[in-house]
Amino acid sequence: MKRRTLLKGSLSAGVAGVAAAAGLLTPQLVMAAWPKAAFEAKGVDNAVNSLLGSSSLTASSDISIKAPPIAENGAVVNIAVSTKLKNVASISILVEKNAQPLTSSFNLASVTEPFVKTRVKVAKTSSVIAVVKSGGKLYSAGREVKVTIGGCGG
Amino acid sequence: MANDWKVRATLKGGTTTLKALITHPMETGLRKNKKTGKKVPAHFIQNLTVEHNGKNVCQADWGPAISANPYLSIKFKGAAEGDSVKISWNDNKGKSDSHTVKVAVPK
C-alpha cells in the first residue's frame, strides 16, 4: 500500500509540474520556467504585463540607463542599468521598437547590487526601457538609442 | 560544444564585480542563410544563473534579442577572496554549459 501512496504522490507532483509549465502559476514561483509568452509578446505593456503581472509603471529618476546615444551597429548595443531604489527584486530590459520588446530579465538576490550590464540587439532607432521591480512596485526609465545600421541581421 | 569562457570576478571594497563573456550564436530565428534562402533556426540562451558558493546571486531569463556572444556584468556583496562563482546557462535547444571562477583581489 505504501508503494501506492508514493506513486500517487509522484503523480500529483507531475501534474503540478505540467501546470507550472503551462504558465498557470506565476513566474516568480517557477524560476526555472522560461517566460515564453513575455518574450513573444508584442508591445512593451503586453510584455511587462506578461512577465511581471502588471503594466502600471511609475517613471523614476532613480534609475539610470547607460547606453550609446548613437549605435553604429544595432546588433551589439551596450546597456548598463543601475538604480538607487532599494529592495530590487528584478531588472528587465526592453527595446520599445523591437518586434519582441523584451530582451532580458534579471532576478537579483538580496546580496546583489541593483546593477546589470549586458549587450542587446536594437532593430531600429528606439527607446530602451528598464523596468525595475522594487518592493512589489514597478518603476521604469527610458533612453533613446539611434541606430544607423539595422540590428536584426545578427 | 567547445565553448570559450572569459569570466572574471574581482573583489574591491567589499563588492565583487563579475564580468562574463560567453560564446554563443544567439540566433533569433529570423535571419536567412544567404546561400540557401532558408531561415536559420533560433538558437539562444534562455536561462542563466550566477551562483556564489552555491547560493543564487542572479537568475536571468534571456530572449533572442541579447547580442551574439553575450556579455554580462553584475555586482554582489558578501564574497571573499578564493570563493567560487559559477555561471551556468541553458538554451532553447536543450544545451547547457557552466564555468566556475575564483574571486580574485586585484594587486
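Student: What pLDDT does chain B average?
Tutor: This is a predicted model, in which local features need pLDDT of at least 70, side-chain atom pairs count only at pLDDT 80 or more, and totals for chains, interfaces and linings use all residues. Here pLDDT is the predictor's confidence in each residue, from 0 to 100. In chain B, 97% of the residues score at least 70, and the average is 89.

Student: How are residues numbered, and which pattern does chain A follow along its sequence?
Tutor: Residues are numbered from 1 along each chain as its sequence is written, while chains are lettered from A and ligands numbered from 1 in the order in which they are written. Helices (H or I, at least four residues) and strands (E, at least two) are DSSP runs, numbered from the N terminus. Chain A has three helices and nine strands, and read in order they give α-α-α-β-β-β-β-β-β-β-β-β.

Student: Where do the buried residues of α3(A) lie around the axis, and over what arc?
Tutor: A residue is buried if 20 or more other C-beta atoms lie within 10 Å of its own, with C-beta atoms placed from the backbone. In α3 (residues 44-52) of chain A, that applies to V44(A), A47(A), V48(A), L51(A) and L52(A). They are on the same side of α3(A), because the arc, taken from the directions from the helix axis to the C-beta atoms, is only 95 degrees.

Student: Which elements of chain A do those buried residues of α3(A) pack against?
Tutor: Contact means that the C-beta atoms of two residues, placed from the backbone, lie within 7 Å. By that test, the buried residues of α3(A) pack against α2 (36-40), β5 (88-95), β6 (102-108), β8 (126-134) and β9 (137-147) of chain A.

Student: How many residues of chain A are in contact with chain B?
Tutor: On the chain B side, 27 residues take part, and β3 (45-52), β4 (55-62) and β5 (71-77) of chain B each supply at least two of them. The number in chain A is 31.

Student: Which residue is the bridge partner of K117(A) in β5(B)?
Tutor: Strand β7 (residues 112-120) of chain A pairs with β5(B) in the antiparallel sense over four bridges. Pairing requires that DSSP finds at least two bridges between the strands. For K117(A), the partner in β5(B) is S73(B).

Student: Which residues of chain B does V120(A) touch?
Tutor: Leaving out residues up to four places away in sequence, V120(A) touches V77(A), I79(A), I93(A), V95(A) and T103(A) in chain A. In chain B, V120(A) touches A65(B), I66(B) and S67(B).

Notes:
A residue is buried if 20 or more other C-beta atoms lie within 10 Å of its own, exposed if 12 or fewer, and partly exposed in between; C-beta atoms are placed from the backbone.
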